[in-house]
Amino acid sequence: MEKTMNKLIRVIGLAIVGLFSTLLVANSVFANEVNVFSARHYDSDVQLYEKFTAKTGIKVNVVSGKDKALQKRIKEEGKDSKADIYITADAGRLGAFQAEGMFQKGASSAALKKVVPANFRSPYWVGIAKRARIIYYNPKTVNPSWNMSYEDLADPKYKGRVVIRKSSNIYNQSLVASLIKNNGEKNTAAWAKGMVNNFARKPTGNDRAQILAVAAGEADWAVANTYYLALMLSGKKGAEQQAAAKKVMPFFPNQDGRGTHMNISGGGILKHAPNKANAIKLLEFLLTPEAQQHIVNNTFEYPMIPGVKANKLIAQFGLDFKQDLKTKVSNYGKLQAKALKVMNEAGW
Amino acid sequence: MIKRINFWVIFAFLVPLLVAIPIFTVFLSFFDTTGNYLDLLKDTFLLKYLSNSFLILLGVLSLTFIFGVTSAYFVSFYKFPGVNFFKWALILSFAVPAYIYAYSLVAFFENYGTAFSILTFLFGEGDYNKYIPKFDGLIGSMFSISFSLFGYVYVLTRASFVFQSHNLIEVGKNLGLSSYESFFKIILPSARPAIVVGLSLVAMETLSDFGTVDFFSISTLTTAIYNAWISFDDLTTANQLSFVLLFFILLLFVLENLSRKGAKYHQNSKGNKPIPKIQLAGSKSIFATCFCSILFFCSFVFPVSQMTYWTIKFPKYFQDINFWSLNMNTLLLVFLSSLFLIIFSFMTNYGNRVSKNKLISYLSTFSVSGYALPGIILAVAFITFISWFSDFLSSIFGLNSFKNVFIGSVVGLVIAYFVRFFSLSYNGIKSGYSKINNSIDENAYLLGYSKLKTFSTIHLPYLKTNILLVGVLIALEIIKELPITLILRPFNFETFATKAYSYAAQDLLEAAAFPSLCLIIWASIFILFISKYILSEK
Amino acid sequence: MNPNFLEIKNATFVASEKNKINNVSLTIKEKGEIVCLLGPSGVGKTTILRTIAGLQELKSGQINLKGKTISSENFNLEPEKRNIAMCFQDNSLFPHFNVMENINIGAKRKNGSKFNYSDKDLIKILHLDGVQEKYPHQISSGEAQRVSLARSLLSRPDLLLLDEPFANIDTSLKEELQKKIKDILKEFNITTIIVTHDSYEAFFMGDKCGILLDQSLKQYDEPYNIHHEPNSLEVAKFLNRGVFVDVKVVETDCAVHSLNHPTLGEIRGKLVNNFPVGTTVKLLLQPEDLRHDDQSKLKLEVIDRKFRGTNFIYTLKTSSDEKIPVFVHSHHIHQHEKSEKFGIKTPIFIDHLVCF
């Protein structure tokens, strides 16, 4: 009987030792490291960090997670946070986080200023890769004129033929934010109502599901990011989806106006970053031709720096389209709440 | 009364208090800031959020009721082909978390999805997308959650049927009732407390679900709280919404408690003999077999097949995974958490038992509501509390910050799991304890056993089955747990759940298949390990 | 001076809000004495045992064991430190141990008293052969009670408390066990307090008996005295198998006292309590007090007859409508039917005249 107790005590003891040793391992200080909080989940990013470590000897530690939850953790940890860099997809999120004063200056180092277009960087954060939010159509049923725009999708003649994902999606919020910036809130509200009238179905699924809906004939028009089609074409989603993707054509809207809506994945250096120098090194590394090539080949985004070619699956859509460089991406963050309100009021 | 305060009582007081802290935090931290999210919410979607939550709850409760009670009824009272297999096979549904079910559902039914591939394979090229049923996220959420949770209703209802003192069907016949009448007049009412307990567990899990509704982009109360708090920093709104949610849950708690009290009267005291089962014949037997087969297929075979199919079809993703470290991480969390949970629930229960203090008993009842708090909210509350507490101590006593000890560490994860699952383990141990008559303790004291010795020689061995059961239940929950792990984990720390999530988040469900499959396999192993206790007929 | 073995001083035992036993004082002078507490169910007998065992706190007063205070108003020695064993009425064996393990679980207690019987001896004495390997839920309640008893005995307590120890045991076995247990207790000088509602059991087992009635300890004395000299109407009523009849005190000066009953005439004997001549008192008439005599002139009407195996109980009616029970030996050659006349031997002589 006493044996049981002794065993119990031993097990508890063991557990405590175990717990503390893991604690020590988890908190052991690597002199040369950089800590990344990432709302981008790509495995290819992790491979890139490994390359960086191999090159510089700086260890990269990663926590990935949901965007807002990570931000909350960084905020609450405050000056004790070990996070150096926060990486996320969408400029709206970077801008909003910057507005909360969570970044420090320095992301756009002198070297980076030379290569990254001014629209895609600020003193607080820098774009790592670009994506366009474009229109997809079914070439068998419709044929867009060369100057078709996002605005045109609300035209009543497309009633019941348009699919796009939910308003809760950040890409939609940024797109609508850019429309508000360019057309004003009132016009955009009317546009949103028109869009909702044209919906072929209740918004459901992710961007890829919208493209597939066009392929399956559920709709003629879809709005989705560029890399989703490339992902399907690459065969990573299987032969059926590869075939389906070929039934859909990408279209770059607003070519006679401000250009196609562009967004970025980007990162910034956090206010309390303990390894600022290493953080800058990592950001600079991510914008080297070698790293950029790796990114575009894995995520099918557009390169951020000149001299790097987009993956051929993306390049075949054409690279010479007019990008919207006029609308500052920082507006996406500022107008996010308004964009959400406009969409919700329209019943999106 | 000072003489009464001893080690055990202090324990019984402190543990629930610690567990209750994050729950208090959710409310207390809400009284300073105000935001504009509520206006937005009021005008547009508050009603929708509420109705979504309500619809999902209603749908899930109906489905789990139908699935769980019907299958339990067949399996407990009748003999039909496959009954012995279905008896345990149906509990395998516990192994599939709702979010993984959702992945499978979407992958199968989407345009050019797995269903399309199968049809193409069978009938050649064709335009099958039209014929493949599409359903929106609301229905998808309902089905995903129902299939992964109906096991609660099944297990509890079945236990209640099996432990009836007589074969109720025979009693019914004796009284001249048709089998239809005896089902509705005798069998169903007799199992009501068990069904209510099962359904309230389902309801709590449904209300606190985040992974599934998030995947389907359905806005519910839980996502609204998350958005209000995290995206908009609008604590007032988050608070108000949390109150609505907690009100829901409190209601369920009361219901559950009431029916638990009722359940005592349905317990057969001594000498349970397994009731003889009635052999089904003809169409009835075919129906029973079909019903159970379909249920088993939908709840377990389908998601497992979908994941297996992908794992085989896309072997490339297989290599990207550090299989060893995922296993180790998952098991480390399971081991540490169940160990601490069991030890502490034991001590709290024991303290409760020896102290008989009302306050402590209320406190432990309150602390178990951690289970009802959605994991994602709890994780954020945990971060908020630790940060506040650390800053507070630094400002008063000049202590070094200890945030990093608790946030982004295994310690923090274990503590957060502790808060989340304390209810599970506390009540699990408690249900075992309630079977030990108080005079047993007194007897032990009178035979010269100290409290500690009574605990170790009488209680521990008597409750060893309970411990095993509780341990495995905790293990299952932790293997499947996602939001807490995601936010609180250390650098470079992945579990099967986070790995699957991160692939799903980059729209690579194909790559999520392998970690999902591993997760299901681990969970199934644990389930099979305890199935004989869950399904015991003695 | 040697201290008393067990002293209960002015103790108030609280069973529930309503149910208390006030101001109990009781002393067990010597080690090895057996005390039976007798009372109707619900009076709080079990509460007294639980309090002595330390499972409940004492409301007021004091309990000393071997000169050491174990319970008082503000002190309660923990039960495991008292070396007091108790057999519960609902036996409460440890469900996860078999009979043998249950019996032995208390045997390891340190500093127990001397006790030479082994677990196997007890199994034999208590007729438990064949169930050693069984688990508590597999044996009958009588067997469980005996296991519980064996367990308590083996723990070699200073003081043994038995709560209705023979309640669930078959009548045929009961007397044999009562004897055996008494022998064991006496052999090893185990001080014991037994609680029961069965006066035969109490009188047989106990060196002393306490009568618990109406929230207090009414009488504490040797069994013979309690039976023949109950100190109050309540005690007499609780114990009695007879009736009270009104009699007049006629003579109290001589060695033999004399009473007068209107129908029965003179009743002689020794008054237990003194009363002045001429007062009317209630006399306890038990069935064995009157003798049947067909020849007697004193005849009463039979209104009821019950067959009890060894004897009949006739109920007779007096002129003042009192119903008096009388035993008649079963072998008595003839029987009396209802409404027949029934002779009673005169003069009536009763050794103990219990009057109030």
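This is a short dialogue about reading chain contacts and salt bridges in a predicted model.

Student: Let's start with one chain. How many helices and strands does chain B have?

Tutor: Chain B has 25 helices and two strands. Keep in mind that this is a predicted model.

Student: And what share of its residues count as buried?

Tutor: For this you look at relative accessible area, and under 20% counts as buried. In chain B, 62% of the 538 residues fall in that group. The chain exposes about 21200 Å², with 69% of that supplied by carbon and sulfur atoms.

Student: What about contacts within chain B that link residues 24 or more positions apart?

Tutor: Among contacts with a separation of 6 or more, those pairs account for 84% in chain B.

Student: Now the neighbours. How many residues of chain B are in contact with chain A?

Tutor: An interface can be read by who touches whom and by how much area is buried. Here 71 residues of chain B are in contact with 64 residues of chain A. Together the two chains bury about 5800 Å², and 59% of this is on carbon and sulfur atoms. On the chain B side, B:Tyr112, B:Phe491 and B:Asp507 lose the most area to chain A, together 14% of what that side buries.

Student: How many salt bridges are there across the interface of chain B and chain A?

Tutor: A salt bridge pairs a side-chain nitrogen of Lys or Arg with a carboxyl oxygen of Asp or Glu, within 4 Å. The rule finds nine of them between chain B and chain A. One of the pairs to look up is A:Glu240 with B:Lys313, at 3.2 Å from N to O. There are also 25 residue pairs in polar contact between these chains, counting pairs with both residues at pLDDT 80 or more. Helix H17 (residues 375-397) of chain B gives the largest share of the side that touches chain A, six residues. Sorted by class, that side of chain B has 38 nonpolar, 18 polar and 15 charged residues.

Student: Which residue of chain A forms a salt bridge with B:Glu110?

Tutor: That's A:Arg208, with the closest N and O atoms 3.3 Å apart. The pair crosses between chains: B:Glu110 is in the loop between helix H4 (98-109) and helix H5 (114-123) of chain B, while A:Arg208 is in helix H8 of chain A.

Student: Are B:Glu110 and A:Arg208 buried or exposed?

Tutor: B:Glu110 has a relative accessible area of 13%, so it is buried. A:Arg208 is buried too, with a value of 2%. Both belong to a network of salt bridges that links A:Arg208, A:Lys237, B:Glu110, B:Asp507 and B:Glu510.

Student: How does the contact between chain B and chain C look? How many residues does it take from each chain?

Tutor: You read it the same way. It takes 20 residues from chain B and 27 residues from chain C. These chains bury about 2000 Å² between them, 59% of it on carbon and sulfur atoms. B:Asn443, B:Leu446 and B:Leu447 supply 32% of the area that chain B buries against chain C, more than any other three residues.

Student: And what is the count of salt bridges there?

Tutor: Just one salt bridge. B:Glu442 pairs with C:Arg50, and their closest N and O atoms are 2.6 Å apart. Helix H20 (438-446) and helix H21 (451-462) of chain B each supply at least two residues of the side that touches chain C. H20(B) gives the most, with seven residues. By class, that side has nine nonpolar, six polar and five charged residues.

Student: Where can I find salt bridges inside a single chain?

Tutor: Chain A and chain C offer examples. The side chains of A:Arg161 and A:Asp220 meet at 2.9 Å, N to O. A:Arg161 is in the loop between strand S4 (125-137) and strand S5 (162-163), and A:Asp220 is in the loop between helix H8 (207-215) and strand S6 (221-225), so the pair ties together parts of chain A that are 59 residues apart in sequence. A:Arg161 is partly exposed at 27%, whereas A:Asp220 counts as buried at 9%.

Student: How far apart in helix H5 of chain C are C:Lys180 and C:Glu176?

Tutor: They are four residues apart in that helix (residues 171-187), so about one helical turn separates them. Their side chains meet in a salt bridge of 2.8 Å, N to O. C:Lys180 is partly exposed at 26%, and C:Glu176 counts as partly exposed at 31%.

Definitions and conventions: Residues are numbered from 1 along each chain as its sequence is written. Chains are lettered from A and ligands numbered from 1 in the order in which they are written. This is a predicted model: local features need pLDDT of at least 70, side-chain atom pairs count only at pLDDT 80 or more; totals for chains, interfaces and linings use all residues. Side-chain values use heavy atoms; hydrogens and water are left out. Contact means heavy atoms within 4.5 Å. Buried area is the accessible area (1.4 Å probe) that two parts lose on being put together, summed over both. Ala, Val, Leu, Ile, Met, Phe, Trp, Tyr, Cys and Pro count as nonpolar, Asp, Glu, Lys and Arg as charged, and the others, Gly among them, as polar. Buried means under 20% relative accessible area, exposed over 50%, partly exposed in between (1.4 Å probe, protein chains only). Accessible areas come from the Shrake-Rupley method with a 1.4 Å probe; for residues, only the protein chains shown count as cover. A polar contact is a pair of N or O atoms within 3.5 Å; within protein, one must be able to donate a hydrogen and the other to accept it, and residues adjacent in sequence count only if both atoms are side-chain atoms.
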